[in-house]
2 protein chains.
Amino acid sequence: MKIIRSIKEMQQLAGSWKRRGYRVGFVPTMGALHEGHLSLIRQARKNNKKVIVSIFVNPTQFGPKEDFKKYPRNLSEDARLCRKEGVDVVFCPSAVEMYPSNYKTYVEIEDLSAVLCGEFRPGHFRGVATVVTKLFNIVQPDIAYLGQKDAQQAIIIKRMARDLNMPLRIEIVPTRRDRDGLALSSRNRYLTAAERKSAAVLNRALNLGHKLVADGNRNSRKIITKLKALIRKSPRTRIQYLEIVDPQDLRPVARIKGQALIALAVYLGKTRLIDNIIVRG
Amino acid sequence: MKIIRSIKEMQQLAGSWKRRGYRVGFVPTMGALHEGHLSLIRQARKNNKKVIVSIFVNPTQFGPKEDFKKYPRNLSEDARLCRKEGVDVVFCPSAVEMYPSNYKTYVEIEDLSAVLCGEFRPGHFRGVATVVTKLFNIVQPDIAYLGQKDAQQAIIIKRMARDLNMPLRIEIVPTRRDRDGLALSSRNRYLTAAERKSAAVLNRALNLGHKLVADGNRNSRKIITKLKALIRKSPRTRIQYLEIVDPQDLRPVARIKGQALIALAVYLGKTRLIDNIIVRG
């Protein structure tokens with residue numbers, strides 16, 4: 001397995017693979033790899049000749065008061081896990097390699113970026129769209145693998161790839177969860193033991209939402225009220241948002257008809273966690 | 001020579017060329033081809049295995065009061081010229097093929113897009129950057145050819161390609177001019193005979209600028225005053241801007257030191273023309 005830090009080197013290798021007709025699978029990450037990432041990597045490994053994993057904590061997607069500095073970084077452990085999974089290249093450029101001085105270009109996806117997480121993290125999805133565009137141009141993958149846990153991110157990147165006619169396919173891989181249902185996230189390691197225990201309520205709330213819809217409830221407002229009440233009963237929780245939206249345009253749906261996305265962001269102490277579930281009315 | 005209207009068909013053909021290792025040259029145009037375009041095409045033909053010319057009058061780069069509707073369109077004549085130059089593919093998608101309903105993604109280049117033409121055509125360079133990104137993703141060229149006549153556009157696209165790590169090279173081809181020095185432009189055909197005659201002053205003014213700098217003048221303000229005076233003496237002219245800027249960041253330079261770009265936009269009657277020259281102090 002190669003570890004590449006230079007954009008030029010990565011792009012040249014990817015270009016040579018392209019010319020040889022190799023199918024390349026790509027898993028973009030911010031490192032601090034867990035079983036969720038590994039399930040993306042395994043999916044990529046299964047279906048491609050070459051697998052590239054990027055590890056890059058992208059400064060442009062963090063707000064000034066967010067956790068960019070303390071975001072967990074552990075390249076040697078990440079590289080060990082990638083090697084074990086049969087990854088061909090770990091691409092881990094520096095921030096200054098990706099954003100040299102005088103950097104000026106950004107990719108914006110209108111509407112979809114301003115709701116849910118975007119309402120509370122202005123500029124976040126602009127940073128995500130921009131870095132993913134850069135990574136796609138460097139790695140030139142045939143298939144890129146994203147996790148369903150970051151549902152809004154996956155929807156936005158799919159839309160971006162379609163709108164900009166990027167010559168690749170996006171595959172969304174189901175969320176991996178701990179035994180108590182908590183979605184795996186690099187940020188889970190911020191949690192105290194008490195917060196960790198309480199955090200299981202997020203998935204319980206989403207499952208309750210699923211059950212309510214399955215039982216015939218269609219009124220989003222009523223469902224949201226019940227889910228929020230359940231979460232509030234759990235200690236150390238503070239709900240940032242809990243919404244039921246159309247999975248295409250992310251607009252709130254008043255009555256559930258067809259597919260709907262229940263998405264939430266909840267603080268456990270100082271740690272912000274997100275999760276979601278797709279339901280069908 | 002193939003004429004392709006479908007994005008999917010163009011992208012598949014380009015992908016198959018990529019896998020065979022063919023070098024592809026690309027000339028993006030809005031059609032109404034003239035000798036300026038043909039010199040780009042010849043440059044591409046000389047240095048690539050395959051040459052693709054796109055013909056697409058891009059709605060997102062026109063303002064609501066601009067000439068999108070009346071912009072000259074003549075596909076059969078353009079195709080004839082391309083065939084004569086040995087072009088392999090003319091790619092001419094429809095507007096709805098390029099921008100389906102619910103289109104949401106745009107590429108923005110900060111600062112560079114807000115000055116010179118950008119000050120008077122808000123959103124113009126966002127439209128240009130977006131359509132060029134789409135075309136690059138569809139055509140996947142090794143080299144794209146742009147004209148120096150649209151200097152700001154060329155600078156912005158070069159910056160965008162560098163910032164977003166697009167896997168290609170941009171080549172800028174010198175401006176082609178009529179005998180009296182008027183830069184070739186599809187919009188020249190809007191001019192009346194009297195306007196056409198008067199328009200030669202644009203190039204004369206730029207040449208005067210070049211001479212003044214060569215003679216040792218360094219004060220941009222004084223040079224600009226002289227050039228504007230010359231243009232104003234010519235009938236039917238109305239200057240929109242005439243500036244001397246740094247060719248990297250497009251910021252005005254007060255004293256010329258090293259390379260500088262003298263750029264102008266001037267109305268001849270209702271027709272807006274642009275031109276520029278690089279000088280060295």
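**Exercise 1. Find which residues Asp78 of chain A touches, and decide whether Asp78(A) is buried or exposed.**

Solution. Once its neighbours within four places in sequence are set aside, Asp78(A) is in contact with Gly31(A), Leu33(A) and Ile55(A). This is read from a predicted model, and Asp78(A) itself belongs to helix α3 of chain A, which runs over residues 75–84. The next step is to count the surroundings: there are 22 other C-beta atoms within 10 Å of Asp78(A), and a residue is called buried if that count is 20 or more. Asp78(A) is therefore buried. A last step compares sequence with space: Asp78(A) and Asn207(A) are 129 residues apart in sequence, and their C-alpha atoms are 32 Å apart.

**Exercise 2. State how far the predictor trusts chain A, and then check what radius of gyration chain A has against that of a compact globule.**

Solution. Begin with the confidence: the average pLDDT of chain A is 98, and 100% of its residues score at least 70. For the model, the scores are ipTM 0.97 and pTM 0.98. Next, take the length of the chain, for a compact globule of 281 residues would have a radius of gyration near 19 Å, and chain A has 19 Å, which agrees. Along its principal axes, the C-alpha trace of chain A spans about 55 × 40 × 40 Å, and 43% of the 281 residues count as buried. Finally, consider the contacts in chain A with a separation of 6 or more, of which 70% are made by residues 24 or more positions apart. The chain contains ten helices and ten strands, and two of these helices are taken up below.

**Exercise 3. Work out what span helix α9 of chain A should have, and find which face of the helix its buried residues line.**

Solution. Helix α9(A) covers residues 201–214, and its 14 residues, at 1.5 Å a residue, should span 20 Å. The expected span is 1.5 Å times one less than the number of residues, and the end C-alpha atoms of α9(A) are 20 Å apart, which agrees with the expectation. The second step is to sort the residues: Val201(A), Leu202(A), Ala205(A), Leu206(A), Gly209(A) and Val213(A) are the buried ones in α9(A). Looking down the axis of α9(A), one finds these buried residues within an arc of 145°, so they line one face of the helix. Lys211(A) and Ala214(A), on the other side of α9(A), are exposed. The third step asks what covers the buried residues, and the elements that do so include α8, α10, β8, β9 and β10 of chain A. After α9(A) comes Gly216(A), which has a positive phi, near 110°.

**Exercise 4. Repeat the span check for helix α6 of chain A, and find how many of its residues are buried.**

Solution. The 16 residues of α6(A), numbered 124–139, should span 22 Å at 1.5 Å a residue, and the distance between the end C-alpha atoms is 22 Å, which agrees. Counting the buried residues gives 14 of the 16, so α6(A) is largely enclosed by the rest of the structure. Following α6(A) is Gln140(A), whose phi is positive, near 50°.

**Exercise 5. Locate Arg236 of chain A and Asp111 of chain B, and state what value phi takes in each.**

Solution. Arg236(A) sits in the loop between α10 and β8 of chain A, and its phi is near 65°, a positive value in a residue other than glycine. With 18 other C-beta atoms within 10 Å, Arg236(A) is partly exposed. Asp111(B) is placed in the loop between β5 and α5 of chain B, and here phi is near 65°, again positive in a residue other than glycine. Asp111(B) has 14 other C-beta atoms within 10 Å and is partly exposed.

**Exercise 6. Determine by what turn and shift chain B can be laid on chain A, and name the relation.**

Solution. A turn of 180° with a shift of 0.0 Å along the axis lays chain B on chain A with an RMSD of 0.0 Å. That is the relation of a two-fold axis. For the interface, 100% of the interface residues of chain B are also interface residues in chain A, so the copies meet through the same surface.

How values were computed:
Residues are numbered from 1 along each chain as its sequence is written. Chains are lettered from A and ligands numbered from 1 in the order in which they are written. This is a predicted model: local features need pLDDT of at least 70, side-chain atom pairs count only at pLDDT 80 or more; totals for chains, interfaces and linings use all residues. Helices (H or I, at least four residues) and strands (E, at least two) are DSSP runs, numbered from the N terminus. A residue is buried if 20 or more other C-beta atoms lie within 10 Å of its own, exposed if 12 or fewer, and partly exposed in between; C-beta atoms are placed from the backbone. The arc is that of the directions from the helix axis to the C-beta atoms. Two residues are in contact if their C-beta atoms, placed from the backbone, lie within 7 Å. Copies are superposed by least squares on the C-alpha atoms of residues with pLDDT of at least 70 in both. The radius of gyration is taken over C-alpha atoms; the globule rule is 2.2 Å times the number of residues to the power 0.38. pLDDT is the predictor's confidence in each residue, from 0 to 100.
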